[in-house]
Amino acid sequence: MARRKLLGAVALAGVVALTAAACGSDDGSSSDGKKTITIGFQGVLSGDNQQLGINALYGVETAVAEANANANLPFKIRLVQSDDAGSPDQGPTAAQKLIDNSGILAVVGPMFSGATKASEPLYSQAGLLSVSPSATNPALTTLGFKTFYRVIAPDTVQGTADADYIAAVLKAKKVFSLDDKSDYGTGLSAALEKELKARGATVVHDGINPTKNYTSEATKIIAENPDVLFYSGYYAELALLSKALHDKGFKGVTVSGDGSLDAKYVEQAGAAAAEGTYLTCPCSDANSDPNAAAFVESYKKINGGARPGTYSGEAYDATNALIEVFKNLGDNLSRESVAEAFGKVNYQGVTKLVKFQPNGEVEGANDFIYRVKNGQIVVLGNTVDLIKS
Amino acid sequence: MPPRGRASRKGHRMSAVAAAGPADAGVPGGTPSDLVLEARDLTLRFGGVTSLDGVSLRQRRGEILAVIGPNGAGKTSLFNCFTGAYRPQQGSVTFWRTSRRPARIVGRSPHAITHLGIARTFQNIRLFPALSALENVQIGTEVRQRYGSLSAVLGLPGARRQERAGVSRAFELLDLVGLSRRAHDLASSLSHGEQRRLEIARALGTGPRLLLLDEPAAGTNPAEKRALEALIRRIAGGGVSVLLIEHDMRLVMSVATTVVVLNFGRVIAHGTPAQVQRDPAVVEAYLGVETGVDAGGEVR
Amino acid sequence: MGFADQFWQLTVDGLMVGSLYAVIALGYTLVYGVLQLINFAHSEVFMLGAFGGLFAARGLLPGGATPSGPASVGLVAAGLAVGAACGAAAAFILERVAYRPLRRRSAPRLAYLISAIGASLFAVNLAGKEFGRQNVPVPDLFTNGTLFHVFGAQVSTQTVVVLGAAVVMLVLLDRLVARTRLGQGIRAVAQDADTAVLMGVNVERVIILTFVIGGLLAGAGGFLYAMTFNASYNMGFVPGVKAFTAAVLGGIGNVRGAMLGGILLGLVESYGGYVFQASYKDVIAFLVLVGILMVRPSGLLGVRLGRAA
Amino acid sequence: MLTPARLRQLWVCLALGVLAAVVTGPGGDSAHPFRALRRSVVDPRIGIFIGLAVGLWVLLIAVARLRPLLAEVTAAARARRPVAAALGGPHATTGLNAVLLAAAIVAPLLVSTAAQQSMVNDIGIYALLALGLNVVVGYAGLLDLGYIAFFAIGAYVTAYFSSSSAMPWHAPFVINPFFVFPIALLIAALAGVILGAPTLRLRGDYLAIVTLGFGEIIQLLANNSDEVTNGSRGVFGVPHLSVDLPGIHYRWGIDPLPYYYLLLGIVVVVMIAFGRLERSRIGRAWAAIREDEIAAEATGVPTLRMKLLAFAIGASVSGFAGVLLATKQFFNPQSFSLQSSFLVVAIVIFGGMGSRLGAVTGAVVLQGLAFYLRDKVPPTDRYIYFGAVIVVMMIFRPQGLVPSRRRRREIELAGTTAGASDQLGAAPIGRTIT
């Protein structure tokens, strides 16, 4: 009996492995005589944060599909994905997988700052360009990674601009700054608090690891009675926090950063709880920006109706900037030439103008303010302009 | 008593039966140094149930003392107080490893008591079933070894020597209980009687001065009982005092030098087998069956 | 603004979460009582129950308007019922696939643990694949608002619903174990499986029913949890660990201990998160656990289901 | 022909087939919860799976028919060549070990650099961790669910002593990471003793939850103490290992291969060391505790001290591995999650409790499987397959891939005698003896 079962299991495992292998090995090489350029994607495709990785991957895939549908381009793009689960442990293996593939000329990713720190030494050594759509830790461009660029401003830029806005426009005297104890959250809250204190506001700081239960945290916030609550973290948690605050009748204003700029925030918090929340981003939001309507359309079409989410636009821009570089380089394509040329790229993306400082930081990042109105996220404008007016 | 380390080594070399030498022979007479174990006024309660009620007893060096009594009389509880498994609410237990140094037992952990020199077997055999007979005894012989994990890992000569000594000692003991041919068989594969003897060998391995046997004859056949009788005598003859719980009256009457009868947690009689057999309280305790005590079978 | 001012509010918050921990903890404690094994996949039973209840509620409420009165009550009851049914089904399948074959082969207890971890990974990720990896809110089934105040603490409709449902379930289960024939069977198996067989208890049946009861509770608890904190494919892990902790805190194998442990844990988290930085609240919860186990090594209500320590 | 049992088997096969179709099918989202299910079931593809399921069923029947025949053949073969003699001799074992070692030396040369990375990060380090945990779980029979905490302690100790920039908190002097090994080992062992001394008195399951809590506490502390450990930003810039002796200068870099061989050497040494430990009086004492704690105590085994020793030894190996992690690459508190602890436990059990070769094999197979699946299935689905393999493995081989002989016997005995010794090793320390 036992042996029979064992055989059954082995057979089933075999079947699964075979079908899996069959599914995994179709690598759509082009047939119409165009040459194929391979790019890599390293991101968080498994684990608790995989939705963020999927958002970015879909952004990259949208750009790739558009490029491949474009008859004017002299090449086709092939995408190889590599999962690092957002963890530093798996970063080197994921990066090495892309480095080993000698056909890969550039990589979009890594996505999380931790995985980036673990992976970049390898990319630098291999001379392979990597463009992160989402790693915002300020230190990343100071650690000597030679081929690292990011199309998103570091936390410091956003935190400072947000603090200016909160102090100047929202006229907050007391701010409750809450972060999610992640690399991203602590970086953002640190920059924000520094600027707020410089502008004379009272700051109460607290940190809470991502959880589902924000009930007692809401009690704590309400007890402090701040004018503004700033949450440095991602939308899934902000939604729960907003819900809890709403239930308890929080009177202050809630503000959060780019990690929360996602239509899903409103959906998950419920329109009533999300109403009036300010969201900020050193980028323009694709879903609410009229200039990005075409991107949103094609994203939905290519990804089975999914709407762009956090980091989708950045990943899309990063990929398109790469394609721009490939176009300009013509036949002179190598890892070196791509890495070299990417530093000088000047490409208008849907989220921002992609143009870099020598250290790999994207130039002229503007901080935009959004607000939830009638269940929709609408753009209010550029922080600098809003403060002036 | 010399420092503990030396004593241990010495104890190992000349412990148990083989160490039949006169080294520890008690001074004759009624002085306490003659004793190996003394319990005073032991009281043990579980919730509302009093399991032992002011039990006192003394055992002399080299004596085979049997504790008998109906089921539930508190015999095993008494054993558990002597070996540290239970902690009585009242009373004291004193043990003399050598004639001069008494040690208090109550409050010590079971392994520390074993280290002092009291070893035991269990009513329902508790061997290490997936280990070989040899390994079972080895665990007993090795408790007095001193080498640590680092010497074991590095394979230092001292560790190896001690290990070899442990093995040969274990073989001696297996030989003593007649199991040397089954040394490499799993403990669980031995017959019931063999397992009983293996448990005794394991207990002797720890180098005790006092051996507590909890119903060693339970479930054994007449031939095995006779062998067991001889074995107990040999053990006692080798200088190890034996404290015995047994239902088999024939065995008790033939090997015990002294008998203590418990009933409802109290000592109701104390004396030589012959004295006890005649004691009316004992007869009464055994359900009034007058022939019960000397009937030779198991008294229930 | 001090702790004293917020004490009652934090107590209400803590009680709500704690009652959910208690409901989940019962599943751990029942299975432990009967099989002496930690059912690590219980958290996925909870998750699947939450999704079941969520889809049912959503299916019955196609429009956007928030219902009120009897409609609300009916919808919450339906969600609870479907959630409980899904939880029970999941627990049943889990027992069949991941545990029973091991029992047949008298596998070591740690093998169950690993099997459970495997089943848990499988279920979580399959749910993520089928239902997406986003948090999903349960549609509003009633108008949530402050219902009344206790010592100055707001008590919302949500809190009343969750706490009420949880308490009803806890009482029902307590009665079940204490009074019914099945409860007797469970206690008998917990005490001594071999003797229970001799006494004519169908052990297999008791084991399955124990899983199913644990599943019913966890499924309904999952729906309550999702109503407050949204549902997601990975929602089970943290409450699972917390509930397991609660079960141990109360004395694993003890039904009332699990309830007490859950509520205590909820309160400790609530108070601890307020007094210290909120990210330390798990640290505090575990320190309390360790502290209590040091003093009472067998948990608060130390004795196992009928078994003497 | 179609007995109810057969029919039931057919249903199970079909259910497995449909499950396989769903697992390999398209993904869905919560807005349309059953769309993905429908798409994978109502699809021509399902035909393949139904076919396979029926095929499997037929195969099962055929095997059932052939089994008596097969048994005869194998019995005959066994009779001709006693297996014990062929495999049990010391020469055969040495030979087998030599072959395995040679394979371990050659293997990384045959695979890609990415696979080498994985062989260091996922297999090598986890094999070392599993060897350490094996002492705790396999030898002493204690379930430690927070084992990864000692790994964290090792890593942070390394950062403290060997770099003045990696963490805000650092030693006033900087020493070569090689000299951190003994320090980390001792500190981790000390942490093990401090945690173990009070908790080892608790029953097995309680120990599990206390250690789990300890693991969580260490991770949360590392994540929250920004001024000490740099919090979630992690530790970047611990120098690589280097040897700087007269005549020998070598520096490990970011290439995985040198680290692999270093790890291989360490793993082999640890395996030999633990082998000796297992065969010593200490190993026998652990076996005794595992099988019957009360009898062990009565035989004079200081059970608490022996358990503590196992705990400390396990912890020190974990701390040792932490040094390797820290010097190899960047790490942050995420590297020390509860899931990592579970993974190490899974490796030990999967490989075979109490077996050193099993611990290493478990790491190779489980982590190798994870690496293999990386390219073969969508990454988001990877853990579905991973979970399924673990369950199937536990159903059909609960003793693990390479069970130790002692452990296997214990499991067999537990099977024959109802309710025999507690396989968690922690028999309830009751006061109810006999």
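**Notebook: loops, pairs and chain contacts in a predicted model**

I began with the loop between α7 (215–224) and β8 (228–232) of chain A, which is where A:Asn225 lies. I was looking at a predicted model throughout. A:Asn225 is not a glycine, yet I found that its phi is positive, at about 50°.

**Entry: a cis peptide in chain A**

I next looked up the peptide bond that joins A:Gly109 and A:Pro110, and I noted it as cis, with omega about -15°. For its place in the chain I recorded that A:Pro110 belongs to the loop between β3 (104–108) and α4 (113–126) of chain A.

**Entry: salt bridges over all chains**

I searched the whole structure for salt bridges and obtained 37 over all chains. One of them is in chain A, where the side chains of A:Arg199 and A:Asp164 meet with an N to O distance of 2.8 Å. I then asked which parts of chain A this pair ties together. A:Asp164 sits in helix α5 (residues 155–168) and A:Arg199 in the loop between α6 (183–198) and β7 (202–207), so the salt bridge ties together parts of chain A that are 35 residues apart in sequence.

**Entry: aromatic pairs**

I counted aromatic pairs in the same way and noted 47 over all chains. I took B:Phe46 and B:Tyr86 as an example; this pair is edge-to-face, with 5.1 Å centre to centre and 75° between the planes. The angle is over 60 degrees, which is why I entered the pair as edge-to-face. B:Phe46 lies in strand β1 (residues 35–46) of chain B, while B:Tyr86 lies in the loop between α2 (75–82) and β4 (90–96), so this pair links parts that are 40 residues apart in sequence.

**Entry: which chains touch**

I turned to the contacts between chains. Four pairs of chains are in contact, and I found that chains C and D share the most contacts among them. I also recorded two pairs without contact. Chain A and chain B do not touch, and their nearest C-alpha atoms are 24 Å apart. Chain B and chain C are likewise not joined by any contact; here the closest C-alpha atoms lie 12 Å apart.

**Entry: chain C against chain D**

I opened the contact between chains C and D and noted 56 residues of chain C against 64 residues of chain D. The two chains bury about 5,100 Å² between them, and carbon and sulfur atoms give 72% of this area. Which residues of chain C lose the most area to chain D? I listed C:Leu110, C:Lys129 and C:Glu130, which together account for 14% of what the chain C side buries.

For charged pairs, I counted two salt bridges between chain C and chain D. C:Lys129 appears again here, in a salt bridge with D:Asp381 whose closest N and O atoms are 2.6 Å apart. I counted seven residue pairs in polar contact between these chains, both residues being at pLDDT 80 or more.

I then assigned the chain C side to its elements. At least two residues each come from α2 (42–60), α3 (70–104), α4 (109–131), α9 (237–250) and α11 (281–295) of chain C. With 16 residues, α4(C) gives the most to this side. By residue type, I divided the side of chain C that touches chain D into 36 nonpolar, eleven polar and nine charged residues.

**Entry: chain D against chain B**

I repeated the look-up for chains D and B. The area buried between them is about 3,000 Å², with 61% from carbon and sulfur atoms. I counted three salt bridges between chain D and chain B. One of these salt bridges pairs D:Arg284 with B:Glu142, and I noted 2.4 Å between the closest N and O atoms. Polar contacts between chain D and chain B come to eleven residue pairs, both residues at pLDDT 80 or more.

Which elements give two or more residues to the side of chain D that touches chain B? I noted α11 (256–279), α12 (281–291), α13 (293–298), α14 (303–328) and α18 (405–416) of chain D. The most residues on this side come from α12(D), which gives six. The side of chain D that touches chain B divides into 15 nonpolar, six polar and twelve charged residues.

**Entry: domains of chain D**

I closed with the division of chain D into domain 1 (1–26 + 36–63) and domain 2 (121–415). I recorded 40 Å between the C-alpha centres of these two domains of chain D.

Key
Residues numbered from 1 in each chain as written. Chains lettered and ligands numbered in written order. Predicted model: local features only at pLDDT ≥ 70, side-chain atom pairs only at ≥ 80, totals over all residues. Heavy atoms only, no water. Domains from an automatic or database assignment. Contact = heavy atoms within 4.5 Å. Buried area = accessible area lost by both parts, 1.4 Å probe. Salt bridge = Lys/Arg side-chain N within 4 Å of Asp/Glu carboxyl O. Polar contact = N/O pair within 3.5 Å; in protein donor to acceptor, adjacent residues only side chain to side chain. Helix = DSSP H or I, 4+ residues; strand = E, 2+ residues; numbered from the N terminus. Nonpolar A, V, L, I, M, F, W, Y, C, P; charged D, E, K, R; others polar. Phe/Tyr/Trp six-rings, centres within 6.5 Å; stacked < 30°, edge-to-face > 60°.
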